[in-house]
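Okay, thanks for coming, everyone. I'll put the model up and then walk through a few places in it.

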2 protein chains.
Amino acid sequence: MLVIDGLGGLPDAKTGKTELETAHTPYLDQLAKKGICGLTDPVSPGVTPGSGPGHLALFGYDPLRFTIGRGVLEALGIGFELTKNDVAARGNFCTVDSKRLITDRRAGRITTDKCIELCTLLAQIKLQGVKTFVLPVKEHRFSLVIRGKDLHDEISDTDPQKTGVIPYQAKHTKATARHTADIINNFIKQASEILAGHHPANMIMFRGFSKLPDIPSMSEIYKLTPAAIAVYPMYKGLAKLVGMEVFSTDGSIQEELKILADCYDKHDFFYVHVKQADSAGEDGDFKRKVKVIEQVDSALPQLLNLKPEVIIVTGDHSTPALLKGHSWHPVPLLLYSQWCRPDTTQEFSESACISGGLGRIQATDIMPLAMANALKLIKFGA
Amino acid sequence: MLVIDGLGGLPDAKTGKTELETAHTPYLDQLAKKGICGLTDPVSPGVTPGSGPGHLALFGYDPLRFTIGRGVLEALGIGFELTKNDVAARGNFCTVDSKRLITDRRAGRITTDKCIELCTLLAQIKLQGVKTFVLPVKEHRFSLVIRGKDLHDEISDTDPQKTGVIPYQAKHTKATARHTADIINNFIKQASEILAGHHPANMIMFRGFSKLPDIPSMSEIYKLTPAAIAVYPMYKGLAKLVGMEVFSTDGSIQEELKILADCYDKHDFFYVHVKQADSAGEDGDFKRKVKVIEQVDSALPQLLNLKPEVIIVTGDHSTPALLKGHSWHPVPLLLYSQWCRPDTTQEFSESACISGGLGRIQATDIMPLAMANALKLIKFGA
């Protein structure tokens, strides 16, 4: 399963062609000819998915049933290894005035260096019975992880999402979370004392208190031994969440596919993640996104040479350069196997996928289709 | 959202073209070229929707979850303003013999004038603690509305749907509706005495006891300020049901679009309803349906000139002239916005919509897609 992050796009006004349609992709086109294509909705028509829901859907998990809290996603994003005893939250440094009223929700966007310095100070806070991790993310953003027994995440945000008010107290929304809320309020109290002299970053706010979701592993569901090859922490974190063994690299798609070849015999499912298409889309850089797709295409023979029984090429969502962000547009999907009942698709593109043999399906259908094409599913009912 | 009621059709045997395909529609075709097309199922494949479910689906409400009783629909259809304290039923005048056995379920289809006269008589019935409305509909059909506190609609039909038997008593199907059933039986007793000398309309029968459904408004769901422009009472009633402000006209599509222009700045969602296509379909008048579609097309520039961010053109169901009634066939859908990822559709027609970029979707997906294309939805998950 080759995931080109943010693959789907929108056409350039002059050429009428999307990023994928503009890119010269002879190998992908040949694969589309031999295989079967379609379009997928990661969540449902009109809904723009975040990376979490987008990937869960690709791995076959209903993203409306299995939700990942913002705190957990933030911790995964910086590569922190969450355990089942952890409650994570996204933190913001902010500015408050002498009456404790918020005047800047982002503390003037302090530098990441300053963020690291302040996190080191806050990491010294001691709380009875639990361990705390205060992890810098970027600028005013950090991640708080509290590890201990019987912690619960049914806790409301302390970030009021507006200025002119005092940050809220952490409140339990379920009785069982009362103890955890007390711990967090204790942390906030100590933090505000430590930060008092650090204007503009003289206060903190939290949102998205969450624990790792209780999610069955891919090996439980599919009886596979899945592996992930990815560069960015969040995707490695998401892969770990569903029980994949994670192979890491700092490198290019070529290096990712080299790892694939190296460990090809040890696993029967591989998720290979290419981030740069999404990054280019988010930056509004149409040409760079085209180039990333062309790089993936030219590396494809490395993958094809391994002769996988089933090949999936798709994205976790669309990221049109024109919109400079994730979008709701359905995502091109290519499936190849010996048993895939090919359609008449002649190239891998949004327009060609419209009339592809797979039609427009839910992204959660991809894994069952892949499993079927690997002849790994038995008949349902007699 | 321009709803051409009963838009979908079936091809004429000679030409092989449907009503929409036969109609000369240069503006719709141009919009289809610039936009994206598809087919929708208002309920599910094979299910022929009534006007209620068809419209609820267009407004984004699952028609299997939000059901509108026949009594409520009948009252809405004559423009009666139902409140939450009302129980409504569809009434029939019928003929009974000396043993009270039904001999004609439609009382020989009395004239509407006669119906009005008899309803005036029945309106004089006094019932303790409630107010009653007896509203003529057409021929033998009328609408009964009972208004009061603690009324319930879990009441079985009194219409046995066959002759040779005595009309049933109203029976509560839930204990809480016992009091309401007593009131209705009291009404029926008094009515039978009043009507005794009015053969053939000497008795009444009821079906579809129902209250307004508990339905969230479109402004609650979408944060829109929605408005409806329609001619016929039922559609104005349905629009009111979901919280739209209703603009009424007796006129043509041109006049409806004039109203649209007049109140364009005061609302951010408009539902414009064109009834005549459905009426022509129901009458089996293929040519007239073609003509109605052509009238809509020629008025389209009035709408386009307003430069809406998102334009939806579709129907609430199909009404093929060949079938002289609503049908299960999926409904052509056209969506245009700056961000719609156009497909290769060259014209607005059933056949072209088959290979449109939207594929075949649920009609309930239209509103989320429209909202997304207006950039009014945020990302789901991080």
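**A strand covered on both faces**

So, let's start in chain B, with strand β10(B): B:Phe269, B:Tyr271 and B:His273 are buried on one side, and B:Phe270, B:Val272 and B:Val274 are buried on the other, so both faces are covered. By "buried" I mean that 20 or more other C-beta atoms lie within 10 Å of the residue's own; 12 or fewer is exposed, in between is partly exposed, and the C-beta atoms are placed from the backbone. Strands here are DSSP runs of E of at least two residues, helices are runs of H or I of at least four, and both are numbered from the N terminus.

Before I go on, the small print: this is a predicted model, so local features need pLDDT of at least 70 and side-chain atom pairs count only at pLDDT 80 or more, while totals for chains, interfaces and linings use all residues. Residues are numbered from 1 along each chain as its sequence is written, and chains are lettered from A and ligands numbered from 1 in the order in which they are written.

Back to that strand. β10 of chain B covers residues 269–274, and 6 of the 6 are buried, so the rest of the structure largely encloses it. Who are its partners? One is β1 of chain B, residues 2–4, which runs parallel to β10(B) and is joined to it by 3 bridges; pairing, by the way, takes at least two DSSP bridges. In that pair, B:Val3 sits opposite B:His273. Strand β8 of chain B, residues 226–230, is also parallel to β10(B), with 4 bridges, and there B:Ala227 faces B:Phe270.

Now over to chain A. Confidence first: mean pLDDT is 96, with 100% of the residues at 70 or more; pLDDT is the predictor's per-residue confidence, from 0 to 100. The model scores are ipTM 0.88 and pTM 0.90.

Chain A splits into domain 1 (2–66 + 215–373) and domain 2 (71–210), with bounds from an automatic or database domain assignment. Their C-alpha centres are 35 Å apart. Domain 1 puts 6 residues into the contact and domain 2 puts in 5, where contact means C-beta atoms, placed from the backbone, within 7 Å. On the domain 1 side, helix α8 (233–241) of chain A gives the most, 5 residues.

One residue to look at is A:Thr158, in the loop between β6 (141–147) and α6 (178–195) of chain A. Is A:Thr158 buried or exposed? Buried, with 24 other C-beta atoms within 10 Å. Leaving out residues up to four places away in sequence, A:Thr158 touches several residues, including A:Ile188, A:Met205 and A:Phe206. A:Gln169 is on that list too; A:Thr158 and A:Gln169 are 11 residues apart in sequence and 5.6 Å apart C-alpha to C-alpha.

Last bit: how the chains meet. 29 residues of chain A contact 19 of chain B. On the chain A side, α3 (51–58), α4 (70–77), α12 (350–354) and β13 (359–362) each supply at least two residues.

Chain A lays on chain B with an RMSD of 0.1 Å, after a turn of 124 degrees and a shift of 0.1 Å along the axis. That's the relation of a three-fold axis, with copies superposed by least squares on C-alpha atoms of residues with pLDDT of at least 70 in both. In chain A, A:Ser355 comes closest to the rotation axis, at 3.4 Å (C-alpha). And only 7% of chain A's interface residues are also interface residues in chain B, so the copies meet through different surfaces.

Terms used: Two residues are in contact if their C-beta atoms, placed from the backbone, lie within 7 Å.
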